[in-house]
Amino acid sequence: MRRKIHGDEGDVRTEKCQGRLTVYFEDPFWVGVFERIENGKLSAAKVTFGAEPKDYEVREFVSRHYYHLQFSPAIKTDVKEVKKNPKRAQRYRNRKTFT
């Protein structure tokens, strides 16, 4: 996700934000860990679901409760750039030239 940030001098820059949700079984409950990387800083939040959540229940939980989660204090982290598949990039370039 990218957000536009307006600086003090009125300049606009793009800020990159990454997020990830991991759901796993921790006896006796299912747990979700939300990770968020913003400005090179990592913060996390843990949620206990109880019974195994269905995919639609997880999506509904994220859409309703994400902005109410209590994230941990942010710590500095190294952000790895995701390497793009060269064949996919080539197909994308070829598709753009034909349209």
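Two strands count as paired here if DSSP finds at least two bridges between them, and that is the sense in which residues are said to stand opposite one another on this tour of a predicted model.

Begin with the whole chain in a cartoon view, where 2 helices and 5 strands can be picked out, following the pattern β-β-β-β-α-β-α when read along the sequence. Colouring by accessibility will show that buried residues make up 18% of the 99 residues, while the chain exposes about 8,800 Å², of which carbon and sulfur atoms supply 51%.

Next, select E3 (29-38) together with E4 (residues 41-50), an antiparallel pair joined by 9 bridges. Within this pair, Val33 stands opposite Lys46 of E4. Moving to the turn of the hairpin, where 2 residues lie between the strands, centre on Asn39, which takes a positive phi near 55 degrees.

Keep E4 in view and add E5 (residues 75-76), which runs antiparallel to E4 and is joined to it by 2 bridges; here Lys41 stands opposite Lys76 in E5.

Finally, which residues line the second largest pocket? Select Gln18, Gly19, Arg20, Glu35, Arg36, Ile37, Leu42, Thr77 and Asp78 to display its lining, to which strands E2 (12-26) and E3 (29-38) each supply at least two residues. The volume of this pocket is about 170 Å³, and colouring the lining by residue class separates 2 nonpolar, 3 polar and 4 charged residues.

Definitions and conventions. Residues numbered from 1 in each chain as written. Predicted model: local features only at pLDDT ≥ 70, side-chain atom pairs only at ≥ 80, totals over all residues. Heavy atoms only, no water. 1 Å grid on protein atoms, 1.4 Å probe; cavity = no way out; pocket = protein on both sides within 12 Å on 5 of 7 lines; lining within 4 Å. Points joined across faces, edges and corners; volume = space filled by probe spheres on them. Helix = DSSP H or I, 4+ residues; strand = E, 2+ residues; numbered from the N terminus. Nonpolar A, V, L, I, M, F, W, Y, C, P; charged D, E, K, R; others polar. Buried < 20%, exposed > 50% of the residue type's maximum accessible area, 1.4 Å probe, protein only. Areas by Shrake-Rupley, 256 points an atom, 1.4 Å probe, with all protein chains shown as cover.
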